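Visitor: I have a model open and would like some help reading it. Could we go through it piece by piece?
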Amino acid sequence: MNKLIKTIYVLAAIIIFSAPSCTKLDETIYDKVLTSDFYKTQDEIIAALVPAYGDLRTLIDLRGTHSLGEFSTDEVILPTRGRHWYDGGNFQRFSEHTWTSEVAYLNNGWNAQFQLVNRSNMLIYQFSKLDNMDATLKESFTAELKCLRALGYFYLLDNFGNVPIVDRFDVPAGYLPANNVDFTTGRKEVFNFVESDLISNVDKVSADNNSSTYGRMNKWAAYALLTKLYINAQVWTGTAKWDEAITYADKIIGSGNFILEPNYFANFVSQNQNSKENIFAVPYDEYRTGNGWGSYNTTIWYLVGQHFTGNKIFGVPASGTSGSCALPSHYRSYDPKDIRLKGWMIGQQYNKATGQQILCTEESAPLPLEYTIDFINRVNPNDGIVYDHKNALEYMGARFAKYEINYQGNGMPNDYAMFRLADILLLKAEALMRKNNGVATQTAVDLVNQVRQRAFAPADYVPLTTGTLTLDQLLKERSWELYFEGWRRQDLVRWGKFVRGTWEFFDRSGESDTRNVYPIPQPQMNSNTNLKQNPGY
Amino acid sequence: MKKNFDSWVYSHPALKKLIMELKIAFFIIVISVSNVFATPTYSQVAKVSLNMENKSLEQVMDEIESQSEFYFIFNQKQIDVNRVVNIQEDNKLITDILPELFKGTNVNYTVLDRKILLTTDPLENNLLATASVTEPQQNRITGTATDKNGAPVPGANVVVTGTTQGVITDFDGKYSINVTPGSKSLTFSFIGMVPQEIAIGTLTQINVTMAESAIGLDEVVVVGYGTQRREEVTSSIATVVSKDFNRGAVSQSPLQLVQGKIAGLAISRASGGDPTAGVDMQLRGVSTVRGDASPLVIIDGIPGGNMNTISPEDIASINILRDGSAAAIYGTRGNAGVVIITTKKGTAGQQVINYSSYVYTERWLNKPELVDAAGWIQMKLDFQNSSSALLNSKASSIVDYGANTDWLDEITRSPVSQVHNLSISGGSENTTYYGSVNYRDLQGFLKESSNNILNGRLTITHYGFNKRLSVQMNLSNTFSKAIPVDYNAYRQAMQRNPTLPVYNLDGTFNENAGYDTSNPVGMLLQYDREQKNNEVLASTQISYEIVSGLKLSATGALQRSDQITGYFQHRDAFAAVTAGTNGEAQRTARERLDRTFESNLSYSKLFGGVHSLNVMAGYSYQDFTDEAFGARNRDFITNFFSFNNLGAGLQLPDGKYNTDDVYSNKQSSKLIAFYGRVNYNFDGKYLLSGSLRQEGSTRFGVNNKWGLFPAISAGWTISRESFMANVNFVDELKLRVGFGMTGNQGIGNYLSQQILGNSGVMLYNGKWIPGYAPASNPNPDLRWEKKAETNIGIDAILFNNKLNLTLDIYQRTTRDLLYQYTVPVPPNLYNTMWTNIGEMTNKGIEFSAKVSPVKTNKFVWDLDFNVSYNVNKLVSLSNDTYQTKYQNLQNIGAPGLNDTPAFRLEEGQPIGNFYGYQFAGFTPEGAWLFWNAAHDQQLTFAQVKQEDKAILGNGLPKSYMGLTNTFRYGNFDLTVFLRGVFGFQLLNTQRLFYENRVMVPVNVLTSALTSPVIADPQYSDYYIENGDFVKLDNLTLGYNVPFKGNVVKSLRFYASGQNLLAITGYKGQDPEIRINGLTPGMDYRWQYPSVKTFTLGVNVQF
């Protein structure tokens, strides 16, 4: 028995004293990888670059940057329709220019834009620390990332103006970025930062324009960005830089790399990667990119605009959500013979498979679904109700279909055309005119006419002259050519017509300049005490 | 024992009766054993070592009592406690010691569980009273005291009421007492039994059946890593044993057994009658903002137990460690409360076979009243003739398709569910067993939904090496097959045009195009869903008593949960047709494995007769692994395979591959802890307990992995003070004060480290390549969320056990709240980060009372009442670096109210504030008017501004109440259980969306027809309603068949109704909804209907 007791004592001692030795608390990782274990091979290093380009798809998401560029303008509206699309009044506020710093899309835009900035900073830092990375690759990736960072700041400059400049990832602990206490000075500083970053890196990124650089920030994309930066220099810094805009536009135009596609819609078809006009596009794939509703390609091109029965109209798997449409005044501003107008759908809609008439299903059920240009009651035009952005009916408004709707899998394969030659041509024309006190030069006229000519059948084409091409005409030309491509707000601001501009439904003659930039989103103000809110908000 | 004190008392006869009872209590100086086992027969296990020379019998008995849980019951006049004895016994059973101790005396002893009854012959001399109270003419009354099973109750006091004249019953429960003529009644009392007073009248024989007291004086309370006698507990611990469990059907969670029974424990049946769902539980308010809000469940000593592994019928007791000082020993996961579940075990020598079964059906609790087909047609006419232009314009959208369908009837059924449970238990001196089989076939009220559960359980306890060693093995296995359904079927049924038919003439489901429209019957029938679980809990616990009082225990446990799910959307399901998927099949498999090793060493000793010390220290190791994979395919040419032949789908072979069509993942975490506890008490009067746990979790930053969780508590048994000796109505009075820290680690793994995960794709040189990016903002400073809690409580037992009161007041402060903060980018990688900031408090009061207003032989009325009140406040969510003054939460949803948050989480405010416009009225046209911020101006919707929003109410209940009435009359028993929840508001989204005629062409509630709203739905306090309710939650009538058979020992039938009636002003379906999370009080439109349940059951014991 004594022997047994001794054995027990020994066992007890083993249990008691062996157990505490099990005190290791390292995490075992299975389906992810520690940063320190990655970036060992060339493939792994290249994989690190991918998220920066993934961020571009977030950047242009409808529920963010793209909305900020369009729903507050004279082109596109997302009206409340019956019980749909009130959504906290956010879209009405965009249309009315009564947004507050709490509107979620502002925060989404800010987050996506700074995400690109920050991701670029992080990768630049990370690549700089890799000693096993090919030196040439390191240099070109770093330059590419600095240009991408500039793209993020370009949008921030446009939307929010005076934002913190953060050019590095290895900031001290507890660092909180601060913007300039003075809005004007701050915005100028951001402009200068973007400018110098682009200038010093544009020659380090690839000059190729082929499938190896498609979707990448190559030299031509950087030139386009510089052109768009300089054209806005006067608004953003108070100092015009028309010549610089012309210089970089010319680099693109003169390169011979890009032509206006003979067919306007070739830039927007589902396989638009073959467009010779698109300078910089964000590539999409119906299976690999974008998951469902929140992603850019399903929302803008298709779901938001089309009626709930859109799946039947186009013979595609997902329904629309009957949201955005053209402002009647935008639609009516076109020459009816303008080919580009076909990107706005009007009239009776039919089931693609059966040819049957499609009916309304909501507040106007069961009327035939006939998209109207104007916001009028088709059944009783004199019902005494004023229909506008607050109480539209499901059939009202022309619907966006510039991008070919060929939805499969998780979305559409059409690539997002961010920079197009047509835009650059019009920008160069604009710079020439503005240099010339707003009066068209023949070069400017020729540039605009290039773009304009494509939009008409030869018999319908009426060229502009130095007499008919006014700045106001150019603003219209830009709208007709670039509708719903995300640039309208920027253009209107440049023309001084974003605030106090009056168009259908909205008379804002008493509006203040405050609304020329958006407020810094409230969640950002809440989470960073170093931020100073934009003036007037 | 206090000899001098006793002598003094006996010279003061008035105190004798009180002393007799107090003495029993005084004798109970028991050491809590650090032992997670329930002990089958105490006297077969407990060992005592004595080495006493020339000691008085009194001292020896003291020593026995100090070493064990035994206590002696005897008559001072009969037993000579001053007799000098010599005794040497090493680790002997009490049955070996007693013959030695009383060898050669006339003392007889009987051991009954922990009671040792000492008597002398002859019986007639058993008088307490001395000759001075004996008078010439006396009537002799004799009789027997038995318990409810007919077993004799020896050692019970029989006293002439109001006098000191009394006797003690003998081994056979017999007594004989002389009473003076004119004596009115006899009082029978016994420890752990309800005292009874019986009128004498002309009776000469009085037999009494004594019922066990609901308030067992010798009740053992399960605490962290052990048990304690109830009167030694210094923390706030609530216990419900199986006989007090809620009756009737248990359809969702074992916690339903104690719903409404424990003050401070809020349990909400958040998912209506869904048999595949669980319940919401909250202890003392919201414990966290983003960490794990579910309690730590401990099953037979295994922390982190999965309640699905046990069937409700196998549960012997549920203990809730309410305050921090009780929970701190489990520290790290105790913030949301600790639930200790103890399962039933076998008893040596008693073979018991139990069979219980019940069958139940369900009906609507409140069926929403929707416009029917006739009303729909009438509504069209009304719209056409309406003076409202808006309604005129919508008349055309009200289409009559000719059918008359009650869609709510179409999706529901009268389910029949059945539960069977068979258990067998018993054993010999060294081995006991408990085995059971439980089968639950639960049919849901919504068509198709069901849950089918088979559980088997085996517990074997074995004692070896002269009872020094005990080994307990538990094996429990649950197989379940659940069919969950899509709650949106309910929403579609609510809003579907009542003139649409369910089926077309060709037998297919009638579908029509449009926004968010789908045939709800098709939504239930055209999807195959299956979730099969196999859950195992296996554990072995070994304990060895090295020397007397020193015990080493070790526990190993394995908990494994395997899950396989299947999903198939039929080819002809409306969504499949719309999406052109030709059917979609998915399978997933998941395995979770938790491994536990615990060891501890405990020592208990009584010093100097009054200093009782119990020390325990231990080590705990747990690891958790969770891995899963799944695959999905589409484009099937037949429905025939359902989800059983994924390869038959054409989409994947066609190369049309979505990034999430095939996946697998795996993660793991670890917890390691050292813990210890010291209990000290002086003479049962002053109680002190301190515990410490140091625990490390892999989840936290490298410098913050370890957290320290101390607790200290003290008790003062006031009733044992001499100044209380004259207070006759107080049986026990104890003051408790406790403080304890607990923690929360309930966040995801790997958040403190910089890890990379898949991140999108890019076109690189014309090829799509995958990317890798940091998966989140790493926070190397991530640390434990900690809660400090102070608790002050009073326990009182009054009026001869007739009234038991407990009052607790607490304040809990949670600091370093785990929260996903919005952080600036840059410098951070993502705009959210898990970090520790902020503070939240909960202050509250809990009161519970057990009363026995009537207790006679034939009729018993027991009343059990509890009420709690809690005030929550989010003190801060900011520090110098991170600021979150407020955050808007929970968009109400489409149509029209996306980006319309219903809640605001705000510093200085409680969780669950509704925030929005303040309703001010309607324009003559039926459009909305809202108040401006100053509340002096009515604004139209176009005019109202964001700044005009205000706090509209709060969805977090402040007060909970439970009232159980149990009546027993003869063989009948009746339970009436009322449960109330108070002090909260609900957002009635059902009214918001369906009590509005403008919502056509979707159907509306009949109340919409008279509603003044003629405008698109808007969120305001117009739809915020008081949620206060009282439910008749349980009504059970039972009948115990008086059986005298040899085979059947007892037989009981009962009928029960649950959730029968809700008394409330709330206009929605059921005010009992989700209470967890940051958005309590949101009554969603998609829900599982709430039901009332009708049950018939039988229990048989062989």
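Guide: What follows is a short walk through the contact between two chains, a shared sheet and one helix, bearing in mind that this is a predicted model.

Visitor: Okay, how many residues does each chain put into the contact between chain B and chain A?
Guide: Chain B contributes 98 residues and chain A contributes 99 residues, and the area buried between the two chains is about 8400 Å², with carbon and sulfur atoms giving 60% of that area.

Visitor: And how many salt bridges across the interface of chain B and chain A?
Guide: The rule finds one salt bridge there, and it is formed by A:Glu102 with B:Arg904, whose closest N and O atoms are 3.7 Å apart.

Visitor: Which element gives the most to the side of chain B that touches chain A?
Guide: That is strand S35(B), which supplies nine residues.

Visitor: What about polar contacts, how many residue pairs between chain B and chain A?
Guide: The count is 23 residue pairs in polar contact, taking pairs in which both residues are at pLDDT 80 or more.

Visitor: Back to S35(B), then. In what order do the strands of its sheet run?
Guide: The sheet is open and has three strands in the order S1(A)-S35(B)-S36(B), with antiparallel pairing. S1 of chain A and S36 of chain B stand at the edges with a single partner strand each, so one side of each is left without a neighbour in the sheet.

Visitor: How many bridges join S1(A) to S35(B)?
Guide: Two bridges join strand S1 (residues 33-34) of chain A to S35(B), whereas S35(B) and strand S36 (residues 767-774) of chain B pair over seven bridges. B:Leu756 in S35(B) stands opposite A:Val33, and B:Leu756 also stands opposite B:Pro774 in S36(B).

Visitor: Why is S35(B) described as largely enclosed?
Guide: Eight of its 10 residues, in the run 755-764, are buried, so the strand is largely enclosed by the rest of the structure.

Visitor: Which residue takes a positive phi in the hairpin of S35(B) and S36(B)?
Guide: It is B:Asn765, with a phi near 50 degrees, in a hairpin that has two residues between the strands.

Visitor: Switching to chain A: how many residues are in helix H7?
Guide: Helix H7 has 19 residues, 183-201, and reaches 27 Å from its first C-alpha to its last, close to the 27 Å expected. Its buried residues include A:Phe183, A:Arg187, A:Phe191, A:Glu195 and A:Asp197.

Visitor: What covers the buried residues of H7(A)?
Guide: The cover includes helix H6 (135-159), helix H8 (219-231) and helix H9 (233-237), which belong to chain A.

Methods:
Residues numbered from 1 in each chain as written. Chains lettered and ligands numbered in written order. Predicted model: local features only at pLDDT ≥ 70, side-chain atom pairs only at ≥ 80, totals over all residues. Heavy atoms only, no water. Helix = DSSP H or I, 4+ residues; strand = E, 2+ residues; numbered from the N terminus. Expected span 1.5 Å × (residues − 1). Buried < 20%, exposed > 50% of the residue type's maximum accessible area, 1.4 Å probe, protein only. Contact = heavy atoms within 4.5 Å. Pairing = 2+ DSSP bridges. Buried area = accessible area lost by both parts, 1.4 Å probe. Salt bridge = Lys/Arg side-chain N within 4 Å of Asp/Glu carboxyl O. Polar contact = N/O pair within 3.5 Å; in protein donor to acceptor, adjacent residues only side chain to side chain.
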